[in-house]
Structures are given as structure tokens and as C-alpha cells.
Amino acid sequence: MSPSKSDRGSETRELILVTAERLFAEHGVEAVSNRQVSEAAGQSNNFAVGYHFGSKEELVVAIVRRHSESIERRRTELLAEISGSPDLRDWASCLVRPTTEHLASLGSPSWYARFMAQVTTHPALRQLVREVVSSSRTMQHIIEGILRLVPRLPEDVWQERSDMCRLMIVHMCAERERALHEGTARPHSTWESTAAGLVDALVGVWLAPVTARR
């Protein structure tokens, strides 16, 4: 039985998502046109991206959501395990490990960490992607748990440290993914060791003293 039109459409969407993720990771979002994505995905119709996703922004959001279900599910499991924990490391682990475990499950080569590094530093896309990620129920729960355990910080310091933590997670994961792809990863490094190092660093950032500011 030949695949239905709906099945073919789903396969095309998936192929476009995978292709766009790789191209955006390698070259940046601005450097890759919808037409280039369509061509690289083997679509004879150069407007395939627009037909299936609309704008480039909607394509980027679709790529993020393609991965977010797995990450969200793991966050939910970890939150259930640490319910009410007074240990800041547990909450930092909930922030880090769902992502590193998801990246480990993708095998190598993978592109998602480098894709996220590209879009979260893109002037027009970073807020859009940030809203998609931070709006999840589990992410809100984690932030509330961290706030309960971190010494009270001025609002601007809290925001600054939140940005530091987000950038560390995104870019350290991207660096490991790149090293795996290029064959330059340290012999004993793993996604688990990357997660452990990130948790250590995040706890240190949140608990660091605040220098008096004029």
C-alpha cells in the first residue's frame, strides 16, 4: 500500500526539520535561506519550507518543540524524584540533566546543541526560543525551587546570574557536541561528566557572594 498524502506530508516535515537543524547548527540561521533548506532536504518545490512551516521563525520553533517533549518528560521524572529537596544541587540537576541525557540519546553526530547555541544568540530569535523553553510547567517549578534555596539576591543580580547559567548550559553542551563531531573530545569525557561539571558551576554561580555595586 502506497503511503497516504498525510503520511508523505509528515515525512517531508520531518526531513525538513532535520535538515534545517543541521544547516542552522553549521552555518547560523541568517546564512541559510528557506530555499537552501528545501534543496538540501531534496524537495523539488523551493517553497516547501514555507508550505509546511510558514516563516523561518516558525521553523525554528518547530525544531525546538521537536526536542522539547523528551526533555520535558525527563524533567518531570526528575522533579518527582527530588520533590521538596533542600539540596540546591538536586534542582540544578533538574535544569541540566534532562538536556544532557537527551543529547546523549541522539548519538553522534547530533546538531541540536549547536543549533540552540546559534538561535539563542540570534538577536531576533533568542527571545522567541527563550519563551518556548521557559514557559514549560516544569521549568517554572525548577526556577521556584532554586529561588527558595538561593540567598535573596537583588533583581538585577538574579537576572544576570540566570543569564550566566543559561549561557553555560547552552554553550558547554554545544562545545561537547562539536568536539564529539570533530573527534576531539577528551578521552574520559562523557555527557554525564559534562552534566556534573555544569551542576557544580551553576551551584557556584548562584551561591557566589555579591560585590557591593555603586
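**Entry 1: fold and overall dimensions**

I began with the secondary structure and counted 10 helices and zero strands in the protein chain. The model I am reading is a predicted one, and I keep that in mind for every entry below. Going from the N terminus on, I wrote the order of elements as α-α-α-α-α-α-α-α-α-α. I then looked up the extent of the C-alpha trace, which spans about 60 × 40 × 35 Å along its principal axes.

For the surface, I noted an accessible area of about 11,900 Å² for the protein chain, with 53% of that area belonging to carbon and sulfur atoms. Of the 214 residues in the chain, 42% are buried. I also checked how the contacts are spread along the sequence: taking those between residues at least 6 apart, I find that 74% join residues at least 24 apart.

**Entry 2: the nonpolar core and W206**

Next I turned to the interior, bearing in mind that in soluble globular proteins nonpolar side chains tend to be buried together. The largest nonpolar core here holds 60 residues, and the ones with the most contacts inside it are F24, L59, F115, I146 and W206. When I sorted this core by element, α4 gave the largest share, with nine residues.

I followed W206 further and asked which residues it is in contact with, leaving aside neighbours within four places in sequence. The list for W206 reads L88, A92, L95, I146, V150, P151, L153, W158, R161 and C165. I146, one of these partners, is also named with W206 among the residues with the most contacts inside the core.

**Entry 3: the largest pocket**

I then looked for empty space, and the largest pocket came out at about 870 Å³. Of the 35 residues in its lining, L95, V133, S134, M139 and R166 are the closest to the centre of the pocket. The elements giving two or more residues to this lining are α4 (56–81), α5 (88–105), α6 (112–119), α7 (126–134), α8 (137–149) and α9 (155–182). The largest share belongs to α9, from which nine lining residues come. By class, I recorded 19 nonpolar, eight polar and eight charged residues in the lining of the largest pocket. I note that L95, which is among the residues closest to the centre of this pocket, also appears in the contact list of W206.

**Entry 4: the second largest pocket**

The second largest pocket encloses about 200 Å³ of space. I listed its lining as M172, E175, R176, A179, T184, A185, R186, S189, S193 and T194. Two or more lining residues come from each of α9 and α10 (191–207), and α9 supplies the largest share, four residues. Sorted by class, the lining of the second largest pocket has three nonpolar, four polar and three charged residues.

**Entry 5: two loops**

I finished with two loop positions, starting between α5 and α6, where I placed P109. The peptide bond that joins S108 and P109 is cis, and I noted an omega of about 5°.

The other position is G84, which I found in the loop between α4 and α5. Is G84 buried or exposed? G84 counts as exposed because its relative accessibility is 63%, and the cut-off for that class is over 50%. As a last item I took the separation of G84 from E21, which comes to 37 Å from C-alpha to C-alpha, with their places 63 residues apart in sequence as the spacing.

Methods. Residues numbered from 1 in each chain as written. Predicted model: local features only at pLDDT ≥ 70, side-chain atom pairs only at ≥ 80, totals over all residues. Heavy atoms only, no water. 1 Å grid on protein atoms, 1.4 Å probe; cavity = no way out; pocket = protein on both sides within 12 Å on 5 of 7 lines; lining within 4 Å. Points joined across faces, edges and corners; volume = space filled by probe spheres on them. Nonpolar A, V, L, I, M, F, W, Y, C, P; charged D, E, K, R; others polar. Buried < 20%, exposed > 50% of the residue type's maximum accessible area, 1.4 Å probe, protein only. Contact = heavy atoms within 4.5 Å. Areas by Shrake-Rupley, 256 points an atom, 1.4 Å probe, with all protein chains shown as cover. Core = buried A, V, L, I, M, F, W, Y, C linked by side-chain atoms within 4.5 Å.
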